[in-house]
Amino acid sequence: MTTSFSETLRNATWGDHQSAESEGYLSELMGGRLNEHEYGEMVAQHYFAYVALDGVSRQLADHPVAGRFVFPELYRERALERDLATIYGPAWRDRITPSKSTGTLVARIHQVSDWPGGYIAHHYTRYLGDLSGGQFIRMELQKIYGYAKGGGVDFYIFDELGSLPRFKNEYRARLDALEPDERERQRIIREVKLAYQLNTEVLTELMHVVKAAA
Ligand code: HEM
């Protein structure tokens with residue numbers, strides 16, 4: 001039996017996932033050891049990354065291949081704006097700047113945007129994660145900071161998608177339907193590994209910021 005592309009991709013990158021998941025910043029956050037503004041540092045970095053990812057998605061909406069992965073219900077910019085306003089108040093824009101690692105991630109998202117496999121690699125790494133472990137993160141954050149819907153953790157709320165397991169199955173079916181040849185499979189896998197690495201570096205840099213402030 002041949003393994004589907006979505007399964008191959010998951011298996012080939014699960015080790016990279018484990019490195020991302022066990023990054024110190026997330027442990028501190030999930031352990032309830034960060035104050036609200038220290039949590040906001042991550043929300044701010046998400047904001048810059050998703051302005052890039054959602055912007056590229058809008059540009060690719062009509063692309064015959066990449067366009068199959070463009071779902072306006074996934075766009076996160078507005079939700080992140082509400083979260084930042086809740087955390088930092090109305091002047092939130094003056095408080096946030098992209099970190100060096102976020103700059104690198106954003107540059108890479110733009111750099112590969114003319115290659116459908118590259119766009120899909122970054123899209124998959126972020127959104128499928130937000131719809132998976134992200135849901136666990138949301139529940140923990142709601143307990144720690146007492147946020148309700150409307151600001152704080154809206155980034156993790158995907159009401160417009162309906163059933164998340166159903167959507168994730170549909171997403172995996174679209175990955176499978178790509179039927180990339182072996183060379184393209186390997187190229188996409190390499191880009192997902194890079195996407196994990198760049199996202200993990202954002203978290204590592206956040207940990208330094210938090211430690212320096214302590
Ligand atoms: C506290 C941190 C995290 C936890 C507890 C966590 C947990 C999980 C779990 C349980 C799944 C499997 C869900 C399923 O099979 O439906 C999953 C999937 C996934 N996560 Fe995470 N995760 C975390 C952080 C991250 C980060 C930081 C990223 C990316 C930067 C990420 C990206 C992904 C992706 C892309 C998948 C989908 C894999 C696939 O099925 O193909 N996760 N996560």
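Of the 214 residues in this protein, 52% count as buried. The model is a predicted one, and every value below was computed from it.

The overall architecture comes first. The protein contains 10 helices and 0 strands. Followed along the sequence, its pattern reads α-α-α-α-α-α-α-α-α-α. Its radius of gyration is 17 Å, close to the 17 Å that the globule rule gives for 214 residues, so the protein is as compact as a globular protein of that length. Taken along the principal axes, the box filled by its C-alpha atoms is roughly 50 × 30 × 30 Å.

Contacts within the chain can be sorted by separation in sequence. If one takes the contacts between residues at least 6 apart in sequence, 82% of them join residues at least 24 apart. Two of the residues described below, Glu36 and Glu205, have contacts of this kind listed with them.

The surface and the charges come next. The accessible surface of the protein is about 10,400 Å², and carbon and sulfur atoms account for 51% of that area. There are 25 positive and 30 negative side chains. The centres of these two sets lie 1 Å apart.

The model also holds a ligand with an iron atom. Which residue of the protein gives the iron atom its single donor? That residue is His17, whose NE2 atom is 2.1 Å away from the iron. His17 belongs to helix α1, which covers residues 5-21.

Helix α3, residues 36-60, includes Glu36. With a relative accessibility of 29%, Glu36 counts as partly exposed. Apart from its neighbours within four places in sequence, Glu36 is in contact with Thr86, Ile87, Tyr145 and Tyr147. One of these partners, Tyr145, is 109 residues from Glu36 in sequence, yet their C-alpha atoms are 7.2 Å apart in space.

Ala44 also lies in helix α3. Is Ala44 buried or exposed? Its relative accessible area is 3%, and because buried means under 20%, Ala44 is buried. Once neighbours within four places in sequence are set aside, its contacts are Leu84 and Ile96. Arg68 gives another reference point for Ala44: the two residues are 24 apart in sequence and 28 Å apart in space, C-alpha to C-alpha.

Towards the end of the chain, Glu179 sits in the loop between α9 (164-177) and α10. Glu179 is not a glycine, but it has a positive phi of about 40°. At 67% relative accessibility, Glu179 counts as exposed.

Helix α10 spans residues 182-213, and Glu205 has its place there. How does the chain bring other residues to Glu205? Residues up to four places away in sequence are not counted here; beyond them, Glu205 touches Ser99, Lys100 and Ser101. Thr102 is 103 residues away from Glu205 along the chain, while the C-alpha atoms of the two are separated by 9.2 Å. The relative accessibility of Glu205 is 23%, so Glu205 counts as partly exposed.

Terms used
Residues are numbered from 1 along each chain as its sequence is written. This is a predicted model: local features need pLDDT of at least 70, side-chain atom pairs count only at pLDDT 80 or more; totals for chains, interfaces and linings use all residues. Side-chain values use heavy atoms; hydrogens and water are left out. Helices (H or I, at least four residues) and strands (E, at least two) are DSSP runs, numbered from the N terminus. The radius of gyration is taken over C-alpha atoms; the globule rule is 2.2 Å times the number of residues to the power 0.38. Buried means under 20% relative accessible area, exposed over 50%, partly exposed in between (1.4 Å probe, protein chains only). Contact means heavy atoms within 4.5 Å. Accessible areas come from the Shrake-Rupley method with a 1.4 Å probe; for residues, only the protein chains shown count as cover. Lys and Arg count as positive and Asp and Glu as negative; His and the chain ends are not counted. The place of a charge is taken as NZ of Lys, CZ of Arg, CG of Asp or CD of Glu. Donors are N, O and S atoms within 2.8 Å of the metal (3.2 Å for Na, K and Ca); water is not among the atoms, so sites may look incomplete.
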